[in-house]
Amino acid sequence: MLYIGCHLSASKGYTAMGRQAKEIGANTFAFFTRNPRGGSAKEIKSDDVVKYIELSEKLAFGKLVAHAPYTMNPCSADEKIRRFSRQAMADDLKRMENTPHNYYNFHPGSHVKQGVDIGIEFIAEQLNEVLTSEHSTIVLLETMAGKGSEIGRSFEELRAVMDRVERKEKLGVCFDTCHVWDGGYDIVNNLDGVLEKFDKIIGIGKIKAVHLNDSMNPLGSHKDRHAKIGEGHIGADALVKFINRPELKGLPVILETPNDMEGYEKEIKFLRENYSE
Ligand code: FE
Ligand code: FE
Ligand code: ZN
C-alpha cells in the first residue's frame with residue numbers, strides 16, 4: 001500500500017486536513033505542529049480529534065508525519081533558543097498524544113560555529129530530556145542537505161546523535177530525498193549503495209518516513225531547494241524506483257514539492273500509477 005500525501009495547513013484542525021487529504025487522493029499527510037516560523041501552537045479540540053480518528057480509520061490512512069517548527073534549533077549557541085526548542089518539543093509530544101502512534105519529525109539543527117561535536121551533544125541532550133516512556137509518538141530526525149552548519153548532512157552524524165539518546169526505541173529517521181541528494185548521496189545512479197550504507201551506519205529499519213522531493217541542484221550541492229517530481233536533478237525515474245524499494249514499502253511518503261493542491265493531486269496520481277503493490 002502506498003501511503004502518500006503532502007503538507008496541509010493545520011489552521012482548521014485535523015478533520016479538515018483529513019478531508020482535504022482525501023480530496024487530493026492522499027492517505028497520509030504532514031502538518032506543522034505550531035507556526036512554522038514562530039512558536040505559537042493552536043488549541044487542539046477534542047471533538048475534532050474524535051472526528052478525525054473516525055475518518056482516518058474509515059479511509060485507512062497511514063501514519064501522520066507531523067513537522068516541528070523551523071524556529072526549533074536544539075543545538076543553537078543561544079541558550080534561550082535551546083530552551084524554546086526543548087519546551088516546544090516537549091509540548092508538541094504531549095499534544096501529539098491526542099492522535100497517538102504517529103510520527104514527529106524535526107531538523108536536528110544548526111551548530112553555527114560551535115562545531116559538529118557540540119551540536120550533536122546538544123541535540124542528544126534535548127532528546128534525553130523530552131523523550132519519555134509515556135509517549136507513543138516516534139520522533140524522527142530528518143536527513144539534512146548540509147546547508148550552512150546543519151547537522152544531519154551525513155548518516156554518521158545522525159547515528160552519532162542517536163547513539164547518545166537513551167530511549168532509542170522512540171527514535172527514527174525521516175529520509176528526505178532532496179536533502180540526501182544535496183548531501184552527496186547518489187540515489188540516482190547508486191541507490192543500492194546508498195541504502196546499503198544507511199543500513200550499515202543506522203539500520204534500514206530506522207527509516208520510518210520519506211520526504212519525496214526532487215532537487216533543483218546537482219548532487220552534493222548542499223543547497224536544499226526542492227523541485228517538483230521530475231523537474232529536478234533527481235528525476236521522476238529515480239523517485240519512482242525509490243518508492244518501489246521493498247525495504248521502504250508501507251512507509252508514509254510526504255511530498256514537499258513546490259506545488260498548489262492541484263499540483264499535489266497530480267503528483268500523487270502519477271506516483272500511484274507508477275507504484276506496484
Ligand atoms: Fe523538514
Ligand atoms: Fe523534508
Ligand atoms: Zn528541504
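Four donors count as tetrahedral if all angles lie between 85 and 135 degrees, and as square planar if opposite donors are over 155 degrees apart and all others between 65 and 115; anything else is irregular. The views below show a predicted model.

**View 1. Coordination of the iron ion (ligand 2).** Four residues supply the donors of the iron ion (ligand 2): Glu-142 (OE), Asp-176 (OD), His-211 (ND1) and Glu-256 (OE), at 2.0 to 2.2 Å. The arrangement is irregular because the angles subtended by the four donor atoms run from 82 to 171°. Along the sequence, the spacing of these donor residues is E-x33-D-x34-H-x44-E. Distant parts of the chain are thereby linked: Glu-142 belongs to strand S5, whereas Glu-256 lies in the loop between strand S10 (252–255) and helix H9 (261–273), 114 residues apart.

**View 2. Coordination of the iron ion (ligand 1).** His-67 (NE2), His-107 (NE2) and Glu-142 (OE) are the protein donors of the iron ion (ligand 1), at distances of 2.1 to 2.3 Å. Their sequence spacing reads H-x39-H-x34-E. Of these, His-107 is placed in the loop between strand S4 (103–106) and helix H4 (116–130), and Glu-142 in strand S5 (residues 138–142); this pair, 35 residues apart, also joins distant parts of the chain.

**View 3. The bridging residue Glu-142.** Glu-142 bridges the iron ion (ligand 1) and the iron ion (ligand 2), which are 3.3 Å apart. The relative accessibility of Glu-142 is 1%, so the residue counts as buried.

**View 4. Burial of further donor residues.** Glu-256 has a relative accessible area of 13% and is therefore buried, the cut-off being under 20%. His-107 is buried as well.

Definitions and conventions: Residues numbered from 1 in each chain as written. Chains lettered and ligands numbered in written order. Predicted model: local features only at pLDDT ≥ 70, side-chain atom pairs only at ≥ 80, totals over all residues. Heavy atoms only, no water. Donors = N, O, S within 2.8 Å, 3.2 Å for Na, K, Ca; no water. Helix = DSSP H or I, 4+ residues; strand = E, 2+ residues; numbered from the N terminus. Buried < 20%, exposed > 50% of the residue type's maximum accessible area, 1.4 Å probe, protein only. Tetrahedral: all angles 85-135°; square planar, octahedral: opposite > 155°, others 65-115°.
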